[in-house]
Amino acid sequence: MFKAEIKSDTLKGLVNIISTLVDEAKFNVGEDGVNLKAVDPAHVAMVDLTIGKGAFESYSATGTEMGIDLDKMKEMLKLAGSGDVIDMEQDESQGRLIIKVGNITRRMNLVDTAGMNDPKVPQLSLPVNVDVAISELQRGMKAAESVSDHIALSADEEAFELFCEGDTDTVSLRLDRTKLAGLSASSKVKSLFPLDYFSNLVKAVPAETIVKISLGNDYPVKLSFSFADGNCVVGYLLAPRIEND
Amino acid sequence: MFKAEIKSDTLKGLVNIISTLVDEAKFNVGEDGVNLKAVDPAHVAMVDLTIGKGAFESYSATGTEMGIDLDKMKEMLKLAGSGDVIDMEQDESQGRLIIKVGNITRRMNLVDTAGMNDPKVPQLSLPVNVDVAISELQRGMKAAESVSDHIALSADEEAFELFCEGDTDTVSLRLDRTKLAGLSASSKVKSLFPLDYFSNLVKAVPAETIVKISLGNDYPVKLSFSFADGNCVVGYLLAPRIEND
Amino acid sequence: MFKAEIKSDTLKGLVNIISTLVDEAKFNVGEDGVNLKAVDPAHVAMVDLTIGKGAFESYSATGTEMGIDLDKMKEMLKLAGSGDVIDMEQDESQGRLIIKVGNITRRMNLVDTAGMNDPKVPQLSLPVNVDVAISELQRGMKAAESVSDHIALSADEEAFELFCEGDTDTVSLRLDRTKLAGLSASSKVKSLFPLDYFSNLVKAVPAETIVKISLGNDYPVKLSFSFADGNCVVGYLLAPRIEND
C-alpha cells in the first residue's frame, strides 16, 4: 500500500536525478519512506536514493514495490506549477499508480519489477572529501563540454580542480579552500571520468545544493547530497576511466 | 471599402483561432463588423466568427470581402508588442491589404475568394451546456496528448469530464459543479472526438476565457466563447468520432 | 604582450559583430587598444573595428597580434553573466590565449595569422547620412525577411526608407525626419543590398545604439556606430547589389 502527497519541485528533483541513469526504476516503499537503487545499462554509474517520509506532505505506506516509467512521471510533472502538490496512490488490484495534479488524474500501469534487482552498493574508502556548490560544477561542465569527452577531478590540501583537455584547448575549474564549503585531503588524488555521465548528473542536481565529492586515485568518485530539507538523500557512484599511458 | 485599427492582442487571438482550421480565409466585411465562416479541408470542424465594430479601435467599412493568407498576418503580428495597435486598409484597386505596425508597412496581395464559399452552419440542439475556464481545458489537453489521439467528453448533472484512454494509461480531467462556471444537464451525455482538433483550438483560445461546451450523445460538440470585451464571438463545431464496439 | 579585463557585455557585442563576417579573426594589439579589419569570404562586406583602451576594465599591452577562433570565444561568453568581467592574457611562449570567467580558465590555441592580411578600407564619399535607432532597423529587417532576399535603402531630404519587394507583397520601413536621430541629404539616393548581410549585422548591434547610415546611389553603404561609452568604434561597409533592368 502506498498513498502520499509530495511537492512537485521535490518530485521533479528526484525524477531528474534517477532518469540520468535509467528510463524505468523500481521504488522500494516502506513505512518510513522510499528507497531506490539503480545502475545504468552500461554499468558505469549507480544511484542510491532515499526519500524520507518527511519529504512528503502526507505519507501512508506499508512494504511494497513499484516499477515506474520515468517519462510518464515527467509528463505529469510538466502539468504542475512549482507550488503544486502531487497526489499519488498505488492501485494494487490493477497494478497501477494513480497520480493527481490539480483536477487531472492519470492512471498509469506500473512496470513489471521481476527483472529489476537492487544492485549492491559497494562500500568505498575514499581519502579525499570536497564540499562544493553545484552552481560551480554546473558552470565548469558547461565550459568543459565543448573541449573534450572526459574530465579529470583532482584535489590536494590546497584546492579542488576539474580539468579537461582537448586537441587544442584546455579548460579548468580550480577552487581553492576559500571557494569551497569544505575540503579534507590527506594526500593528492586524481581520477579521470566520462564527461557525459558526470555532466548529466550535475545538471540534474537541484539549485543551491552543496555536493560532497569523495575522490581517490584512479578510483570511482562518489557524489553525496541531500535536498528537500535533508529528507531526500542521494549517493551517486561513477566508475573511473583509466588513462592509457 | 475597409479601413480599421485593432489591438494586436485581439487580432492575434482571432488569427490563432482561424488558423487551427485553414491557411487562408475569406473575411466578410460589413458596416457593423466582420464575419468569417470556415471549414477545415477534411470537413471535421467549422468555425463561425463575428468581430463586432466594437472590437476595433476605429472602424470604417462598406460591404466587401477579403481573402487573407493567415501566415502573412502572423508575420506582421510578430512585429507588434502586446500594447500595439495595428492599422489595416484595403486597397481595392490593387487587390491588396495594407497593414501597418509602428513605422512598418506591408502591402499584401489578397487571396482570390472565388472558390471560397461560406459553409452553412448547422443548427444543433444540444442537451448539455458546460461553462469552463480555458486554463483547465489547456492543462487537460496537455495531459491527454501523451496518452491517446482521441478524447471523450462527457457530462451529467454532477460533473463534466474529459477522458482519454491509451494502451496502458488513462488520463481524466473531472470538474464537478463547484469547479465549473456553469453546468446545465438534464441527462448524461458522452461523445468521442479527435484529440488534435480539440487540442489545437483549446491552445488558441485567449487566456482567462470561459468557454461554453455544448454536448450531446455521439454528436458534434459546440464550443462558444467571446473575447475582447464580448466583441469577438466565436462558435466552433467539431464532428464526433464514432466508437466501434 | 597582452593582458586585459573586459566586461562580458562589451566582449559579447564585439564578437557578435565580427562573427557576422568571419569565423576567425586577427586582432592587432597596440598600447592604446585593439584594432581589427575583416572581410567576409565572398568579399561582400568589411568591418573595421577599434576597441579603445577605455573599453577595458584594465589593459596592458605592447604591439602584438592574435588570431582568435570566435566560436571558442562565444563558448566562454556563454559562461558569463551580464555583470561579469572576463580576464584575458596572451601566453606568447605557448601561442595561447588564457581566458578566465569566474573560477573557470580556458587556455585556447591561437590561430595562425600568417595568411590573414588586413584588408584596405576604401575611403568613400557618401552624400547622405542618416542616424537611426537600431531597434527600428531590427523591426524592419524582421518584417522584410519573410518577403525577399534583398532590400533597397533610400533617403531624401524628408525621410529614410528601407524597402523590400517580394513576388506578391512589399514591406517598407519609412522614417521621416521626426523619427530619425539625424538626417543630412542634399539629394535623393537609393541602393540595393543583399538582405542577409544587412540583417545579420543589424541583429548583432547592441540594443539602444544609434547607427549612422551613409548612402549613395548604387553605391556601398557604410554603417558607423559605437558602444561601450564610445570606446568601441565600428565601421561596416556592404557592397551594393546592382539592379538588372
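Visitor: Why is strand 4 of chain B, residues 45-52, called mostly covered?

Guide: In this predicted model, six of the eight residues of strand 4 of chain B are buried. A residue is called buried when its relative accessible area is under 20%, and six of eight residues in that class is what the words "mostly covered" stand for here.

Visitor: What makes strand 3 and strand 4 of chain B a pair?

Guide: Strand 3, residues 33-39, and strand 4 of chain B are joined by seven bridges in the antiparallel sense, and since a pair needs at least two bridges, the two strands therefore count as paired. One of the places where this can be seen is B:Ala38, whose bridge partner in strand 4 is B:Val47. The hairpin that these two strands form has five residues between them, and in it B:His43 takes a positive phi near 55°.

Visitor: How do you know that strand 4 of chain B also pairs with strand 18 of chain B?

Guide: Strand 18 covers residues 232-238 of chain B, and seven antiparallel bridges link strand 4 to strand 18, against a requirement of at least two. B:Leu49, for instance, stands opposite B:Val234 in strand 18.

Visitor: Why is B:Ser214 called buried?

Guide: B:Ser214, which lies in strand 16 of chain B, residues 210-215, has a relative accessible area of 7%, and because the limit for a buried residue is under 20%, B:Ser214 falls in the buried class. Leaving aside residues up to four places away in sequence, B:Ser214 touches B:Leu126, B:Val128, B:Asn129, B:Pro220, B:Val221 and B:Lys222.

Visitor: What makes the meeting of B:Ser214 and B:Asn129 a polar contact?

Guide: The side chains of B:Ser214 and B:Asn129 come to 2.6 Å from one another, and a pair of N or O atoms within 3.5 Å, one able to donate a hydrogen and the other to accept it, is what the term asks for; the pair therefore qualifies as a polar contact.

Visitor: Turning to the contact of chain A with chain B, how is the size of the interface expressed?

Guide: The size of an interface is often given as the accessible area lost when the parts come together. Between chain A and chain B this buried area is about 1300 Å², with carbon and sulfur atoms giving 42% of it. A:Leu79, A:Asn103 and A:Ile104 supply 47% of the area that chain A buries against chain B, more than any other three residues. By residues, 16 from chain A are in contact with 16 from chain B.

Visitor: Why is the link of B:Asp169 and A:Arg106 called a salt bridge?

Guide: The N to O distance between the side chains of B:Asp169 and A:Arg106 is 2.8 Å, and because the rule accepts a side-chain nitrogen of Lys or Arg within 4 Å of a carboxyl oxygen of Asp or Glu, the pair meets it. The count between chain A and chain B is three salt bridges, together with 15 residue pairs in polar contact, both residues being at pLDDT 80 or more. Helix 2 (70-77), strand 8 (96-101) and strand 9 (104-109) of chain A each give two or more residues to the side of chain A that touches chain B, and strand 9 gives the most, with six residues. By class, that side of chain A has five nonpolar, four polar and seven charged residues.

Visitor: How do you know that strand 9 of chain A and strand 13 of chain B pair with each other?

Guide: Four antiparallel bridges run between strand 9 of chain A and strand 13 of chain B, residues 170-176, and at least two are needed. B:Thr170 in strand 13 of chain B is the bridge partner of A:Arg107.

Visitor: What makes strand 13 of chain A and strand 9 of chain C a pair?

Guide: Strand 13 of chain A and strand 9 of chain C, residues 104-109, run antiparallel and are joined by four bridges, where at least two are required. C:Ile104 is the bridge partner of A:Leu173. Also between chains A and C, the closest N and O atoms of A:Asp169 and C:Arg106 are 2.8 Å apart, and as the limit is 4 Å, this pair too is a salt bridge.

Note on methods
Residues numbered from 1 in each chain as written. Chains lettered and ligands numbered in written order. Predicted model: local features only at pLDDT ≥ 70, side-chain atom pairs only at ≥ 80, totals over all residues. Heavy atoms only, no water. Contact = heavy atoms within 4.5 Å. Buried area = accessible area lost by both parts, 1.4 Å probe. Nonpolar A, V, L, I, M, F, W, Y, C, P; charged D, E, K, R; others polar. Buried < 20%, exposed > 50% of the residue type's maximum accessible area, 1.4 Å probe, protein only.
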